[in-house]
Structures are given as structure tokens and as C-alpha cells.
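Biologist: I'm new to this one, so could you walk me through it? Let's take it one question at a time.

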Amino acid sequence: MQEGRESPPWRQITLYLLTLAVLILCAFILQPFFSAIVGAIVLAVVTEIPYNWLSTRIPHRTTCATVALLLVILAVIVPAFFLAQELGEQALRAIVSLRNPNTQNLVTDYIGNHPALANRIEAFSASIDVNNAARTTAAYVGSKAAMILGNSVHLITEMVVMLFLLFFLFRDRQLALTALRSLIPLRDDESSELLERIDDTIYATFLGRLAIALVQGVLAGLAFWTLGVPGVILWSITLTAFAMIPAFGAFLVWGPIAIYLGLNGHWGKAALLAIWGGLIVSTIDNILYPTLIGSHLRSHTAIILITILGGIAVFGPLGIILGPVIFTIASTLLDIWHARTTQITT
């Protein structure tokens, strides 16, 4: 066969289809660890500056990556584990408190003072087949228990995979960037622009939202402490975590606490917390968001909010990052196409 001779068209088509099929199979293989991969990339990007500082103190790449990974575990993974454990204990305590005679008497008295509500509850109870409901509930709880166990194993596996990938992203950062650049079908300057915008998006979305969430957590914590809510530190940290979800994340914490205060007879405190939470804690998001995030993403605040909420709807919690990142990639590619077509016409 003569060197340099082009392959027949059918060979080119076959190679294209084979490559496409293998890439699809690779996507299916990686799909169970999609969250771990994204998490490792996000952590690698947001810790780039401190890691670069650390690498000047520890020149050996493997040792530096190991130390950085241990610091991430101590700063992120361990606190998240204890927070989840404490929330689980609080949930159990809430269940126990609901079975407390005093709480049941409060609920009974409240229902007794509202005849319309009592009639609706009575009508609803009369329509329920107790035996069938018990069997259905038992089956549901059993299936959910198995699902929770399976999810726990999957979560631990994803955590291990994420940390494993994060170590190599720390150690072989330049190698990974070089490989990524070779796969992007753009010129060097266009690839640099795309990667720079993605970095800016991850930085602004993650660190900006974290800063806003911390402010909301402090404001809510002041209200919890003033109103005498038990476990102020726990609920402030929990609200900070939930506040990473824009628009309504903070409400998912201060709302139930306000209801808890009301059910325990503290209606004045419940009203004050609702006012503070609605007018200050949740509203501060709209004030800080354009300054900390919108100016860095080169997009309107409304568009960023929609991309985050849409990302959460499609990808779950990862959508907080993936939504804006995908939108940034799309807008950057459109800008590149626009620049190319402008050059052609001129």
C-alpha cells in the first residue's frame, strides 16, 4: 500500500462510527461516578491558588498532592460527615419529641380549637383502610431502608473515587490541562479563552455562593440565638449549606424552625423569625449576588439564576456548578463562532 494514500471513505466512516460507539460506552461506564468526577474537578479548581502556594513550599509533587488531599479531607469531608451525623441525631430527637405527651397535647388542643380542621382530619381518617395502610407503609419503609443502605454504599464509593481523582488532579494538573487542550477542537487562543471562562465560572459560582451562604448563615444564627432556638451553631451551619441553593435554600431551614417555634406556643418568636428570614436572610441573596457573582460571569443575574435552578433540576445539587458552567461553555462557543464569521465577512 502506498504511503500517504488516503483511506477509502468506508474506512473513515467505520472509524468514525467505531469511535462514537466506544465514547458512548465510556460515558455509560463513567456515568455512576459523574458526581465524583465533577466534585474532584471543582475542588481542584477552587483550591488552585492555595495549592500553588503549597507547591512552592513542598516541591515534590506526590508529597505536595498528598498533603493537599489531607487538608481537603480535614477542611471539607470530616466537617460534612459530622454535620450529617448531627442532623441525623436531631431528626431522631424530633421524632421522639413528637411522641412526647406534652407535644401531643399541644397538637390536640390546637386541633380542638379549630373545628373545621378537626372535621377534615376525621373525614380523612374515616376514608383510610388501616390494615391496608399498615401493609403499604411497612413495604414502603422496607424498600426505603434498602435504598438508603444502597445509597450510603454508593455515596462512600463516590467519595473515595472523588478523593482518588483529586489526588491525581493535584499532582498531574499540567498533564491533565495539556490532554484537555489536545481534545478541544479550537485554536490555542480560543482554547485558553474557553478554559479561562470555565475557571472564572467555577470560582465565581462556588466561592461566591459560599460567601453569600456564610453571610446568610451568620444573619440567621443571630436570629436563632436571639430567639433562643436550641442548637444555634448546628442550624446556622445547616442553613449555610442549604443556602448554596439560591432563592429558596435558606427558607428550607428557617421556615421549619419558625413552624417548630409556633407549634411550641412561641407564636411571637415564630413571626419574628419569619419576618427576619423573609426580609433579611433570604433577601440579602438578591443584593450580594450581582456583586459577588454576576459581575464575574459576564451574564445578567436573572440568566445566572435560571441556569443554576435549571442545573439543579437536571443534575441535582451538582447543577449549582454545572448549570452556569454549561451556559458559559455555550456562550463562549457562540462568541468564538461570531468572531470567526466576523473575520470572514471582513
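Modeller: Happy to, and keep in mind that this is a predicted model.

Biologist: Let's begin with the 66-84 stretch. UniProt's unreviewed entry lists it as a transmembrane region, so how far apart are its end C-alpha atoms?

Modeller: That entry also lists other stretches under the same heading, including 12-30 and 206-227. Residues 66-84 are 100% helix and 0% strand in the model. From end to end, the C-alpha atoms of that stretch are 26 Å apart.

Biologist: And the whole protein: how many helices and how many strands are there?

Modeller: The chain has 346 residues, of which 29% count as buried. Among contacts with a separation of 6 or more, 68% are between residues 24 or more positions apart. As for the count, there are zero strands and 15 helices.

Biologist: Now helix 2 and helix 9. Are they roughly parallel or roughly perpendicular to each other?

Modeller: Helix 2 covers residues 34-46 and helix 9 covers 188-227, and their axes come within 10 Å. The axes cross at roughly 90°, and angles of 65 to 115 degrees fall in one class. The two helices are therefore roughly perpendicular.

Biologist: What does the contact between helix 2 and helix 9 look like by class, and how many charged residues does it have?

Modeller: Helix 2 brings Val-42, Val-45 and Val-46, while helix 9 brings Asp-199, Ile-202, Tyr-203, Phe-206 and Leu-207. Sorted by class, that contact has seven nonpolar residues and no polar ones. The number of charged residues is one.

Biologist: Moving on to helix 11, which helices do its buried residues pack against?

Modeller: Helix 11 runs over residues 251-263, and its 18 Å reach is close to the 18 Å expected. Its buried residues include Val-253, Trp-254, Ile-257 and Leu-261. They pack against helix 9, helix 10 and helix 12.

Biologist: Which residue with a positive phi follows helix 11?

Modeller: Helix 11 has 13 residues and ends at 263. After that helix comes a residue with phi near 90°, and that residue is Gly-265.

Biologist: One last residue, Ser-236: is it buried or exposed?

Modeller: Ser-236 sits in helix 10, residues 232-242. Leaving out residues up to four places away in sequence, Ser-236 touches Gly-217, Gly-221 and Phe-224. Its relative accessible area is 12%, and the cut-off is under 20%, so Ser-236 counts as buried.

Key:
Residues are numbered from 1 along each chain as its sequence is written. This is a predicted model: local features need pLDDT of at least 70, side-chain atom pairs count only at pLDDT 80 or more; totals for chains, interfaces and linings use all residues. Side-chain values use heavy atoms; hydrogens and water are left out. Helices (H or I, at least four residues) and strands (E, at least two) are DSSP runs, numbered from the N terminus. Buried means under 20% relative accessible area, exposed over 50%, partly exposed in between (1.4 Å probe, protein chains only). Contact means heavy atoms within 4.5 Å. UniProt positions are given in the numbering used here, feature names are shortened, and annotations may be inferred rather than shown by experiment. Axes are lines fitted to C-alpha atoms, for helices over the stretch in contact, and angles run from 0 to 180 degrees between N-to-C directions. Angles under 35 degrees count as roughly parallel, over 145 as roughly antiparallel, 65 to 115 as roughly perpendicular and the rest as oblique. Ala, Val, Leu, Ile, Met, Phe, Trp, Tyr, Cys and Pro count as nonpolar, Asp, Glu, Lys and Arg as charged, and the others, Gly among them, as polar. The expected span of a helix is 1.5 Å times one less than its number of residues.
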